[in-house]
Amino acid sequence: MAAYVLYGSEVSLFSGKARAYLRWRGADFEERLATRDVYQNVILPKVGWPVIPVVEMADGALVQDTTDIIETIEARTPDGPRAIPTGPVQQVVSRLLDLFGDEWLVIPAMHYRWNYNEDWIYGEFGRTSAPDAPPTEQYAIGKKNGERFKGAVPMLGVNADTIPGVEAAYEAFLKDMTEHLRYHAYVLGDRPSLGDFALNGPLYAHLLRDPESGRLMEKLAPKVADYVRRVQAGGTDGGDLVADDAVPQTLEPILSRQMTEQMPTLVKTAALFGEWASSASAGADVPRGLGKIDFETGGFEGDCAARTFPLWRLQAVTDAIDAMDDGAKARLADLLDRVGGAPLMDFRLPARLVRRDCRLKLA
Ligand SMILES: N[C@@H](CCC(=O)N[C@@H](CS)C(=O)NCC(=O)O)C(=O)O
């Protein structure tokens, strides 16, 4: 019996992140398809809501949330390689890329899937949920299951007004990443780290694997497509992160876009969270959304749901900043200055978040 069981699927963005990590770590794991039986018999009873990926540990404990999975495995087996760099500046940058991959690249990932690959994805959802059913039944099942995910597209701010911006921002990201890959095999050097796994979720499961999206990536950024395949396969052995806790300069345009586009949505969401928290009790479940906020991407404006989960990833960034010594803080401040992220040095959420029982709660 394998040490870990990954419940997930090839179509799932976050399963792609977890799988790439487990492969890179050389973890002894078995992947089980998240069929409807698995949802009914494993995920719903033990996690409480329908979500993947879920990893079952050797002692039977179930962990949901990809970063939690990575942190739990690294804490339980500290002798193995670390996805989360020990260098303090590289650690903050990794946490930033975790926030960017999971919670910002999800926007193009969902846009291209649902606006260019809709029919195909229904079949895929059906094959995942009911692998033994005939194709027409799978399509019907996939269509029913897919409604929930399709419903998230407008909440992410994808609509007729913003689509040109979503596409422009994604194409700019592909260009920046292509340039970065001329100098480094992975985001922080010659081996994968947390940021690579976070980028791999949207880039692999949706933006490379979905047929129309994959054609676009191969055409615009074949080097990125190659990188995505390498990370999904577990990365190459032997290399290391760049020395002296340095951050490649070619990563700065990507961090810059994160500061210009994603950070304002987080600041607005944090303000709504502060209002909500002021009348909520400690331990209260944090709503998944707190109304609407304006946002801008690729030069186009629109609105999107103020999703609270990204604040959890942001808190991990600011916690990593708080843990730094003064020398590291000064080096990070220089980097953030260059990418338009100076306010992040002092920005803190108005209240603390905790995650318990696979849910986000007010501390
Ligand atoms: N933060 C979670 C996100 C997991 C997630 O959103 N998974 C998707 C599939 S890729 C899902 O099951 N979503 C259901 C939902 O959000 O209601 C993680 O990193 O594991």
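**View 1. Area buried between domain 1 and domain 2 in the predicted model.** Together the two domains bury about 620 Å². Carbon and sulfur atoms account for 36% of that area. On the domain 1 side, Trp 49, Gln 64 and Asp 65 stand out: they supply 62% of what domain 1 buries against domain 2. No other three residues supply more.

**View 2. The two domains and the contact between them.** Domain 1 covers residues 4-76. Domain 2 covers residues 247-362. Their centres, taken over C-alpha atoms, lie 25 Å apart. Nine residues of domain 1 touch eight residues of domain 2.

**View 3. Salt bridge between Arg 313 and Asp 65.** Two salt bridges are found across the interface of domain 1 and domain 2. Here Arg 313 pairs with Asp 65. Their closest N and O atoms are 2.8 Å apart. Asp 65 also appears in View 1, as one of the three residues that together supply 62% of the area domain 1 buries against domain 2.

**View 4. Polar contacts and the domain 1 face.** Five residue pairs are in polar contact between domain 1 and domain 2, with both residues at pLDDT 80 or more. Helix 3 (residues 66-76) gives the largest share of the domain 1 side that touches domain 2. That share is three residues. By type, this side of domain 1 holds two nonpolar, four polar and three charged residues.

Note on methods. Residues are numbered from 1 along each chain as its sequence is written. This is a predicted model: local features need pLDDT of at least 70, side-chain atom pairs count only at pLDDT 80 or more; totals for chains, interfaces and linings use all residues. Side-chain values use heavy atoms; hydrogens and water are left out. Domain bounds come from an automatic or database domain assignment. Contact means heavy atoms within 4.5 Å. Buried area is the accessible area (1.4 Å probe) that two parts lose on being put together, summed over both. A salt bridge is a side-chain nitrogen of Lys or Arg within 4 Å of a carboxyl oxygen of Asp or Glu. A polar contact is a pair of N or O atoms within 3.5 Å; within protein, one must be able to donate a hydrogen and the other to accept it, and residues adjacent in sequence count only if both atoms are side-chain atoms. Helices (H or I, at least four residues) and strands (E, at least two) are DSSP runs, numbered from the N terminus. Ala, Val, Leu, Ile, Met, Phe, Trp, Tyr, Cys and Pro count as nonpolar, Asp, Glu, Lys and Arg as charged, and the others, Gly among them, as polar.
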